[in-house]
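Grab a viewer and something to scribble on. Try each exercise before you read its solution.

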Amino acid sequence: MDSDSAAIAMGIVSIAAGLVLAYWMLAFPEGINPAYPLATALLAPLVFVSGGLLACAAVSGRRTLVDIAFGSLALGLLALVHWGAFSSGAIECRETVSLFGIALLERYPSEAECRSSLRRLLEGFDVVVSIALAAIAWRKAARRRRGP
């Protein structure tokens, strides 16, 4: 099996998994954690479908389709992470200082400290992503102004 057919096969499996998960969530909502809104829970199957579409689009060589699928995948993942950081219920974390994989110091901060650390991390990440998107938009606009 060559790499193109393997990518298409994985894409189809991912799309099918996403559709089956979405169906099960809609058909049996009692299996979903009640703390999760259904729309947020459905982001997980959307990420599977977007990843499958990205794999298939990459093989087809259609740049516009790749851009759309990648954007959908990235936005779905970002939405899930942000929901977890800003809206989810309980959160636990562990802070460890290690050397060569051996834990030297370890502590379990409070839930408020965990959430605050995660929020600061995501805020920094959002700044980096915003700068990158602004740079991409600026370069595309400059290319359009210059013409072919």
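What follows is a set of exercises on this predicted model, each with a worked solution.

**Exercise 1. Check whether the C-alpha ends of α3 and α5 are as far apart as 1.5 Å a residue would suggest.**

Solution. Start with α3. Its 18 residues should span 26 Å at 1.5 Å a residue, and the end C-alpha atoms sit 25 Å apart, so the two values agree. Now take α5, which has 36 residues. The expected span is 52 Å and the end C-alpha atoms are 52 Å apart, so this helix agrees as well. For good measure, add α4, residues 63-86: this helix has 24 residues and reaches 34 Å from first C-alpha to last, close to the expected 34 Å.

**Exercise 2. Work out how α3 and α4 run relative to each other, and list the residues that meet between them.**

Solution. First get the geometry: the axes of α3 and α4 come within 8 Å and cross at roughly 155 degrees. Angles over 145 degrees count as roughly antiparallel, so that is the label for α3 and α4. Next, the hand: α3 passes α4 in a left-handed crossing.

Then go through the contacts. From α3 you should have L43, A44, L46, V47, S50, G51, L53, L54, A57 and A58. On the α4 side they meet L65, V66, A69, F70, S72, L73, G76, L77, A79 and L80.

**Exercise 3. Find the largest nonpolar core and say which elements give two or more residues to it.**

Solution. The core has six residues: V47, L54, A57, V66, A69 and L73. The elements that give two or more residues to this core are α3 and α4. Now zoom in on A69. Skip the neighbours within four places in sequence, and A69 is in contact with S50, L53 and L54.

**Exercise 4. List the buried residues of α3 and α4, and name the elements they pack against.**

Solution. In α3, the buried set is L43, P45, V47, V49, S50, G52, L54 and A57. These buried residues of α3 pack against α1, α2 and α4. In α4, the buried set is V66, A69, L73, G76, H82, W83, G84 and A85. The partners of the buried α4 residues are α2, α3 and α5.

To finish, look at the α1 partner of α3. Helix α1 covers residues 3-27, and its axis is 7 Å from that of α3, at an angle of about 160 degrees. That makes α1 roughly antiparallel to α3. The crossing of α1 and α3 is left-handed.

**Exercise 5. Describe the packing of α4 with α5, from axes to contacts.**

Solution. The axes of α4 and α5 are 9 Å apart, and the angle is about 145 degrees. This crossing of α4 and α5 is left-handed. For the contacts, α4 brings L78, V81, H82, G84, A85 and F86, which meet R115, L118, R119, L122, F125 and D126 in α5. Finally, check burial in α5: C114, R115, L122 and A142 are buried, and the buried residues of α5 pack against α4.

**Exercise 6. Is I91 buried or exposed, and which residues is I91 in contact with?**

Solution. Place the residue first: I91 lies in the loop between α4 and β1. Buried means under 20% relative accessibility. At 18%, I91 therefore counts as buried. Leaving aside neighbours within four places in sequence, the contacts of I91 are E111, C114, R115 and L118. Now pull up I32, which is 59 residues away along the chain from I91: the C-alpha atoms of the two are separated by 18 Å.

**Exercise 7. Look at the phi angles of G61 and F100, then decide whether F100 is buried or exposed.**

Solution. G61, just after α3, takes a positive phi of about 80 degrees. F100 has a positive phi too, about 55 degrees, although F100 is not a glycine. You'll find F100 in the loop between β1 (95-99) and β2 (102-107). The cut-off for exposed is over 50%; F100 has 80% relative accessibility, so it counts as exposed.

**Exercise 8. Apply that cut-off to R145, and give its C-alpha separation from V20.**

Solution. R145 is found in helix α5. Its relative accessibility is 63%, so R145 counts as exposed. R145 and V20 are 125 residues apart along the chain, and their C-alpha atoms are separated by 45 Å.

Conventions: Residues are numbered from 1 along each chain as its sequence is written. This is a predicted model: local features need pLDDT of at least 70, side-chain atom pairs count only at pLDDT 80 or more; totals for chains, interfaces and linings use all residues. Side-chain values use heavy atoms; hydrogens and water are left out. Helices (H or I, at least four residues) and strands (E, at least two) are DSSP runs, numbered from the N terminus. The expected span of a helix is 1.5 Å times one less than its number of residues. Buried means under 20% relative accessible area, exposed over 50%, partly exposed in between (1.4 Å probe, protein chains only). Contact means heavy atoms within 4.5 Å. A nonpolar core is a set of buried Ala, Val, Leu, Ile, Met, Phe, Trp, Tyr and Cys residues joined through side-chain atoms within 4.5 Å. Axes are lines fitted to C-alpha atoms, for helices over the stretch in contact, and angles run from 0 to 180 degrees between N-to-C directions. Angles under 35 degrees count as roughly parallel, over 145 as roughly antiparallel, 65 to 115 as roughly perpendicular and the rest as oblique. A crossing is left-handed if the near helix is turned anticlockwise from the far one by less than a right angle, and right-handed if clockwise.
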